[in-house]
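Visitor: Could you take me slowly through a single part of this model, the place where the metal is held, and explain each term as it comes up?

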Amino acid sequence: MKDCIFCKIINKEIPASIVYEDSNVISFLDIMPANKGHCLVIPKKHYETLLDIPGENLSELIKAVKNITKALSLSIGNGAYNMVMNNGEDAGQLVQHAHIHIIPRFKGDRLRLSWSHKKYGNKEIEEYKENIKKFL
Ligand code: 5GP
Ligand code: ZN
C-alpha cells in the first residue's frame, strides 16, 4: 500500500535490517528497539490488524514468529521474550500494517509491559463471559 512504511520496506524502497524473508512473511529489526534484538514480523500483504489476516496467512506468520524467536534466543543466549501485537490506535498501533513484536527479555532489564489490575463487579465476569460467547 502506498504511504505504508512497512510496504516500503517489503518493496526495498527504504532500507531495513532484514533477518528473514520468504514469499509471504518478512522480519526485520525494529529501528527503535525496546531491547536490542527486538524484531518485527509482518505479512508481506498489507493487512491492517490481526482480524484482517486470513487464516492461512496467519498460520504462516505465526510459524515464522516461532522460528525467528528461536533464532533470536539462540543468537542472544537468552530464553525469555515478549510477543506483542498492538491492534488499533487505542492499543498503541502506530504503523497500520499488521506486525508482531518479538522483544527479547533480560533479567533486570526494567522494561515495563505491565498494567494495573481492574476489578469486576458482582457477577460482571459472568456477563463478560456470556457476551463473548455469543459471538463465538
Ligand atoms: P506499533 O506501535 O505500531 O506496534 O509499532 C511500530 C514499530 O515500528 C515501532 O516499534 C517502531 O519503532 C517501528 N518502526 C517504525 N518505523 C520503522 C522503520 O522505518 N523501520 C523499522 N525497522 N522500524 C520502524
Ligand atoms: Zn503496508
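Guide: **The zinc site**

Around the zinc ion (ligand 2) the 4 donor atoms subtend angles of 102 to 117°, and the arrangement is therefore tetrahedral, a label given to four donors if all angles lie between 85 and 135 degrees. This is a predicted model, in which local features need pLDDT of at least 70 and side-chain atom pairs count only at pLDDT 80 or more, while totals for chains, interfaces and linings use all residues. Residues are numbered from 1 along each chain as its sequence is written, chains are lettered from A and ligands numbered from 1 in the order in which they are written, and side-chain values use heavy atoms, with hydrogens and water left out.

The protein donors of the zinc ion (ligand 2) are C4 (SG), C7 (SG), H46 (ND1) and H97 (ND1), which lie 2.1 to 2.3 Å from the ion; donors are N, O and S atoms within 2.8 Å of the metal (3.2 Å for Na, K and Ca), and because water is not among the atoms, sites may look incomplete. Along the chain, these donors follow the spacing C-x2-C-x38-H-x50-H. One pair links distant parts of the chain, since C7 sits in helix α1 whereas H97, 90 residues apart from C7, sits in the loop between β4 (81-84) and β5; helices (H or I, at least four residues) and strands (E, at least two) are DSSP runs, numbered from the N terminus. Both C7 and H97 are buried, where buried means under 20% relative accessible area, exposed over 50%, and partly exposed in between (1.4 Å probe, protein chains only).

Elsewhere, T49 lies in the loop between β3 (39-43) and α2 (55-76), and T49 counts as buried because its relative accessibility is 17%.

Notes:
Tetrahedral: all angles 85-135°; square planar, octahedral: opposite > 155°, others 65-115°.
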